[in-house]
Amino acid sequence: MVYISRKEHFNAAHRVYNPNWSDERNQEVFGPCANPYYHGHNFELIVTVKGKPDPETGFVVDMKQLGDLVKREIVDKVDHRNLNIEVPFLEGKIPTCEVMIMEFWTILAPQVTALTNGRSTLHSLRLIETPKNFVDYFGE
Ligand SMILES: Nc1nc2c(c(=O)[nH]1)N=C([C@H](O)[C@H](O)COP(=O)(O)OP(=O)(O)OP(=O)(O)O)CN2
């Protein structure tokens, strides 16, 4: 089994807060991330696909096609957006890295399988929010 990865990039704004809580409680739990005027990040998304290379192409998945898929399905929908307001698949959710990466998985996993005609599958996602903070998700 070979694991190959593609990295894509997007900028987005968000506010991490629970609308059911008071401002004081949000400030206590989320600190500056709950700033009512939002804040932004330069996110990086690393998509890892696993499979056996196709004997006719030597590809687990065409990285260019994988990049195009991630751009079309994720980046185009979140880049330069307000994640609390403008992204339908995050509506009503707190846009933490954990919540975002799980939504990304739901969108990407079936499409990666389709892209490779079932030869390869999505193995993991890594979402990097700041130079210090990142999350991994393996779909379970
Ligand atoms: N479990 C989570 N914790 C936090 C998340 C998150 O998505 N999941 N998000 C944030 C903030 O949105 C953002 O990441 C800022 O984090 P913070 O650690 O404060 O910023 P830095 O990485 O720049 O670290 P400094 O300590 O400020 O240098 C917070 N928590």
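This passage describes the fold, helices, core, loops and ligand surroundings of one chain.

The model is predicted. The chain contains 3 helices and 5 strands. Read from the N terminus, these elements follow the order β-α-β-α-β-α-β-β. The C-alpha trace spans about 60 × 25 × 25 Å along its principal axes. The chain has 140 residues, of which 23% count as buried. Among contacts with a separation of 6 or more, 69% join residues 24 or more positions apart.

Helix α2 covers residues 63-78. Its length fits its residue count: at 1.5 Å a residue, the 16 residues should span 22 Å, and the end C-alpha atoms are 21 Å apart. The helix is nevertheless kinked, by about 45°, with the kink centred on K71. Five names make up its buried set: L66, L69, V70, I74 and V78. An α-helix has 3.6 residues a turn, so residues three or four places apart point the same way. The buried residues of α2 pack against three strands and a helix, namely β1 (2-14), β2 (39-51), β3 (81-82) and α3 (97-115). After α2 comes H80, with a positive phi near 55°.

V78 belongs to helix α2. This residue is buried because 23 other C-beta atoms lie within 10 Å, and the cut-off for burial is 20 or more. Leaving aside residues up to four places away in sequence, V78 touches F10, A12, L83 and V87. Its C-alpha atom is separated by 9.8 Å from that of P88, 10 residues apart from V78 along the chain.

Helix α3 gives a similar check on length. At 1.5 Å a residue, its 19 residues should span 27 Å; the end C-alpha atoms are 26 Å apart, in agreement. A kink of about 30° lies at L108, shortly before the proline P110. The buried residues of α3 are C97, M100, F104, L108 and V112. The elements that cover these buried residues include β2, α2, β4 and β5 (134-137).

Nonpolar side chains tend to be buried together in soluble globular proteins. In this chain, the largest nonpolar core has 22 residues. L45, V47, V49, V70 and L108 have the most contacts inside this core. At least two residues of the core come from each of β2, α2, α3 and β4 (120-128). L108, the site of the α3 kink, touches V47, V70, E73, I74 and L122, with residues up to four places away in sequence not counted. V70 and I74 in that list are also buried residues of α2.

Most residues other than glycine have a negative phi, and most peptide bonds are trans. Two loop residues have the opposite sign of phi. Y38 is not a glycine, yet its phi is positive, at about 70°. Y38 sits in the loop between α1 (23-30) and β2. With 15 other C-beta atoms within 10 Å, Y38 is partly exposed. N117 is likewise not a glycine and has a positive phi of about 50°. N117 follows α3 and is found in the loop between α3 and β4. N117 counts as exposed because it has 8 C-beta neighbours inside 10 Å, where 12 or fewer is the cut-off.

N18 is placed in another loop, between β1 and α1. N18 has 12 C-beta neighbours inside 10 Å and so counts as exposed. Beyond residues up to four places away in sequence, N18 touches N26 and I94. From N18 to E73 the sequence separation is 55 residues, and the C-alpha atoms are 27 Å apart. E73 is one of the residues touched by L108.

The ligand is surrounded by V16, C33, T96, C97, E98, E129, T130, K132 and N133. This shell divides evenly by class, into 3 nonpolar, 3 polar and 3 charged residues. C97 appears both in this shell and among the buried residues of α3.

How values were computed
Residues are numbered from 1 along each chain as its sequence is written. This is a predicted model: local features need pLDDT of at least 70, side-chain atom pairs count only at pLDDT 80 or more; totals for chains, interfaces and linings use all residues. A residue is near a molecule or strand if its C-beta atom, placed from the backbone, lies within 6 Å of it. Ala, Val, Leu, Ile, Met, Phe, Trp, Tyr, Cys and Pro count as nonpolar, Asp, Glu, Lys and Arg as charged, and the others, Gly among them, as polar. Helices (H or I, at least four residues) and strands (E, at least two) are DSSP runs, numbered from the N terminus. The expected span of a helix is 1.5 Å times one less than its number of residues. The bend at a residue is the angle between axes fitted to the seven residues ending there and the seven starting there. Two residues are in contact if their C-beta atoms, placed from the backbone, lie within 7 Å. A nonpolar core is a set of buried Ala, Val, Leu, Ile, Met, Phe, Trp, Tyr and Cys residues joined through C-beta atoms within 7 Å.
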